[in-house]
Amino acid sequence: MNPSAPGPGSEPAGPLPAVAPHLRDLRRRASLTLEAAARAAGLSPAHLSRLETGRRQPSLPMLLALARVYGTTVSELLGETVADRDAVVRAAEMEPTGAGGWTYWQAGASARGMQALRVHVPHGSQGDIVRVHPGEEWLYVLKGRLRLRLGDAGHRLDPGDSAHFDSLTPHRIAAQDPGGVDLLFVHTLLQSPTAALCLGPTTGDTP
């Protein structure tokens, strides 16, 4: 596994002018050089530069990694704000955001220790990307069937099934069916100078 490999979720899909300036501004606010931030996020400096200039679209795992490095949330990276940290998030206020082929909706307030998302994972999207990072993840299958690999174990989750695991366990998420899978997803990203997110295609059977 190559931590700097871009993987399928990093292919260009048009510029994201609203995202790129936030990536650059937050890096500067964290007093990090392009090289230092890229190394901490498991990216090459050239790849991070393309993200900051809008020439590459970041995948959701990349946004999670950069949010950890900059000590912020995916919401702030995307320029989203939640007024007065409201406890209630209305369905009508959930704006969809695309990243790496996935579509997700912020389902909780920003700047919290836990980040809650509603996620749609299309079939064939990012199924060979392995993720490893400090923290915990909890997911609940709303619709469709999910293929989840945790370490060497493969699982199929049906609607109503859930999983709660340590994010340091290498994990992969993929949709079982052509229609994709809809999830509720909650994660914590522990702030640690030694934390790392490994991204990249792997070989072997999927669960």
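**View 1. Helices H2 and H4 packed against each other in the predicted model.** Here helix H2, residues 34–41, meets helix H4, residues 60–70, at an angle of about 120°, and their axes are 9 Å apart. That angle makes H2 oblique to H4, since it lies outside the 65 to 115 degrees that count as roughly perpendicular and is not over 145. The crossing of H2 and H4 is right-handed. On the H2 side, look for Ala 37, Ala 40 and Ala 41; H4 contributes Ala 65, Leu 66, Arg 68, Val 69 and Tyr 70 to the contact.

**View 2. Helix H3 crossing H4.** Helix H3 covers residues 45–52, and its axis comes within 13 Å of the axis of H4, with a crossing of roughly 95°. The two helices are therefore roughly perpendicular to each other. His 47, Leu 48, Leu 51 and Glu 52 of H3 touch Met 62, Leu 66 and Tyr 70 of H4.

**View 3. The aromatic pair of Trp 138 and Tyr 140.** Searching the whole structure turns up one aromatic pair. Its ring centres, in Trp 138 and Tyr 140, are 6.2 Å apart, and the planes are at 20°, so the pair is stacked; planes under 30 degrees apart earn that label. How exposed is Trp 138? With a relative accessibility of 30%, Trp 138 counts as partly exposed. Tyr 140 is also partly exposed, with a relative accessible area of 30%.

**View 4. Arg 118 over the ring of Trp 105.** In this last close-up, follow the side chain of Arg 118 to its charged end, which sits over the Trp 105 ring, 4.2 Å from the ring centre.

Notes
Residues are numbered from 1 along each chain as its sequence is written. This is a predicted model: local features need pLDDT of at least 70, side-chain atom pairs count only at pLDDT 80 or more; totals for chains, interfaces and linings use all residues. Side-chain values use heavy atoms; hydrogens and water are left out. Rings of Phe, Tyr and Trp (its six-membered ring) pair if their centres lie within 6.5 Å; planes under 30 degrees apart count as stacked, over 60 as edge-to-face and the rest as tilted. Buried means under 20% relative accessible area, exposed over 50%, partly exposed in between (1.4 Å probe, protein chains only). A charge sits over a ring if NZ of Lys or CZ of Arg is within 6 Å of the ring centre and within 35 degrees of the ring normal. Axes are lines fitted to C-alpha atoms, for helices over the stretch in contact, and angles run from 0 to 180 degrees between N-to-C directions. Helices (H or I, at least four residues) and strands (E, at least two) are DSSP runs, numbered from the N terminus. Angles under 35 degrees count as roughly parallel, over 145 as roughly antiparallel, 65 to 115 as roughly perpendicular and the rest as oblique. A crossing is left-handed if the near helix is turned anticlockwise from the far one by less than a right angle, and right-handed if clockwise. Contact means heavy atoms within 4.5 Å.
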